[in-house]
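Visitor: I am new to this structure. Please take me through one part of it closely: the place where the two domains meet.

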Amino acid sequence: MNDICIRAIEESGLFKVHVAVGTELVETARITHQTSATATAALGRSLLAGVLLRNKLKGEDESLTLIIDGDGPGGKIVVTGRNNGYVKGYIDNPSADLPTRASDGKLDVRGIVGTAGTLTVTMDLGLREAYTGKVALVSGEIGEDVAQYLYQSEQIPSAVGLGVSVNEDLSVRAAGGFIVEVLPGASASQIRELETTLKDVRSVTEFIEQGLDAEGILHALLPNYNLRELERKEIAYVCECSREKVAESLAALPDSDIREMIEEDDGAEARCHFCNRSYHFDGKELKTFLS
């Protein structure tokens with residue numbers, strides 16, 4: 001099953017809906033960062049949120065960064081993606097883990113993320129300044145926090161569902177999510193009807209485990225509505241770092257910092273947080289970066 005994100009609109013203009021299946025995407029992140037089961041779920045939900053919020057972008061090179069900074073043992077989660085469907089991210093403490101919740105046997109994402117902290121979304125739309133919105137965490141479950149961001153920062157009532165299930169060997173069994181955004185003009189009765197439809201919906205991971213793809217989930221979520229597809233795009237975990245980009249960053253440092261690297265270590269090593277690649281530059285190379 002390919003990792004896909006679908007955007008659609010209800011034909012009368014009642015709402016927009018975005019559905020993503022990202023099992024392989026989250027599995028790639030797990031392998032890259034060697035995350036624990038609970039850290040996989042937290043980072044995976046965040047990556048899916050980044051993919052789904054991508055609908056705010058227009059141009060292919062526009063980007064979005066999502067930062068979840070809670071007080072849980074997982075530490076900060078950072079996700080960044082572009083409108084081409086590529087997304088990447090990391091969690092500060094990938095080995096942090098917690099027992100499954102006694103109440104329902106599910107992974108304790110709230111415990112790993114924490115309930116005190118902030119969710120920040122920054123969108124680079126190619127303008128002079130990037131747009132940034134920040135809200136306090138409301139639950140640490142990530143889906144509810146994204147819904148709070150949409151309502152508080154963008155005044156958009158929404159329903160958000162994000163899910164990641166993990167096998168006993170820690171591999172990702174299923175990962176997906178959705179955002180339903182109510183559009184201006186929807187009446188109170190129409191919103192109540194939509195809420196009723198979504199109230200008892202099963203988890204996205206259950207849909208995926210039953211073999212539904214993104215299109216199947218779209219219609220399973222909203223069976224009584226006529227939906228028109230706007231976009232279908234493949235999504236993937238991809239880090240586009242390179243030695244050339246790292247060199248540009250080093251060259252932008254003050255000469256005093258570069259000279260310190262040469263004198264103390266006769267070189268420098270930079271590691272990408274998103275893919276864990278390391279790039280080494282010896283002293284001779286660093287000298288070429290001096291003004």
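Guide: Here is a walk through the interface between the domains. Keep in mind that this is a predicted model. Start with the layout. The protein chain splits into domain 1, residues 4-237, and domain 2, residues 243-288. Their centres, taken over C-alpha atoms, lie 35 Å apart.

Now the meeting place itself. On one side, eight residues of domain 1 take part; they are in contact with four residues of domain 2. Together the domains bury about 480 Å² between them. Of that area, 66% is on carbon and sulfur atoms. Three residues stand out on the domain 1 side: Thr32, Lys88 and Tyr90. They supply 64% of the area that domain 1 buries against domain 2. No other three residues supply more.

What holds polar atoms opposite each other here? The rule finds three residue pairs in polar contact across the interface of domain 1 and domain 2. Salt bridges are another matter: the count across this interface is zero.

Next, look at which elements build the domain 1 side. Those giving two or more residues are α1 (23-33), β4 (77-82) and β5 (86-91). Of the elements, β5 gives the most, with three residues.

Last comes the chemistry of that side. The residues of domain 1 that touch domain 2 comprise three nonpolar, four polar and one charged.

To recap, eight residues of domain 1 meet four of domain 2, with three polar pairs and zero salt bridges across the interface.

Definitions and conventions:
Residues are numbered from 1 along each chain as its sequence is written. This is a predicted model: local features need pLDDT of at least 70, side-chain atom pairs count only at pLDDT 80 or more; totals for chains, interfaces and linings use all residues. Side-chain values use heavy atoms; hydrogens and water are left out. Domain bounds come from an automatic or database domain assignment. Contact means heavy atoms within 4.5 Å. Buried area is the accessible area (1.4 Å probe) that two parts lose on being put together, summed over both. A salt bridge is a side-chain nitrogen of Lys or Arg within 4 Å of a carboxyl oxygen of Asp or Glu. A polar contact is a pair of N or O atoms within 3.5 Å; within protein, one must be able to donate a hydrogen and the other to accept it, and residues adjacent in sequence count only if both atoms are side-chain atoms. Helices (H or I, at least four residues) and strands (E, at least two) are DSSP runs, numbered from the N terminus. Ala, Val, Leu, Ile, Met, Phe, Trp, Tyr, Cys and Pro count as nonpolar, Asp, Glu, Lys and Arg as charged, and the others, Gly among them, as polar.
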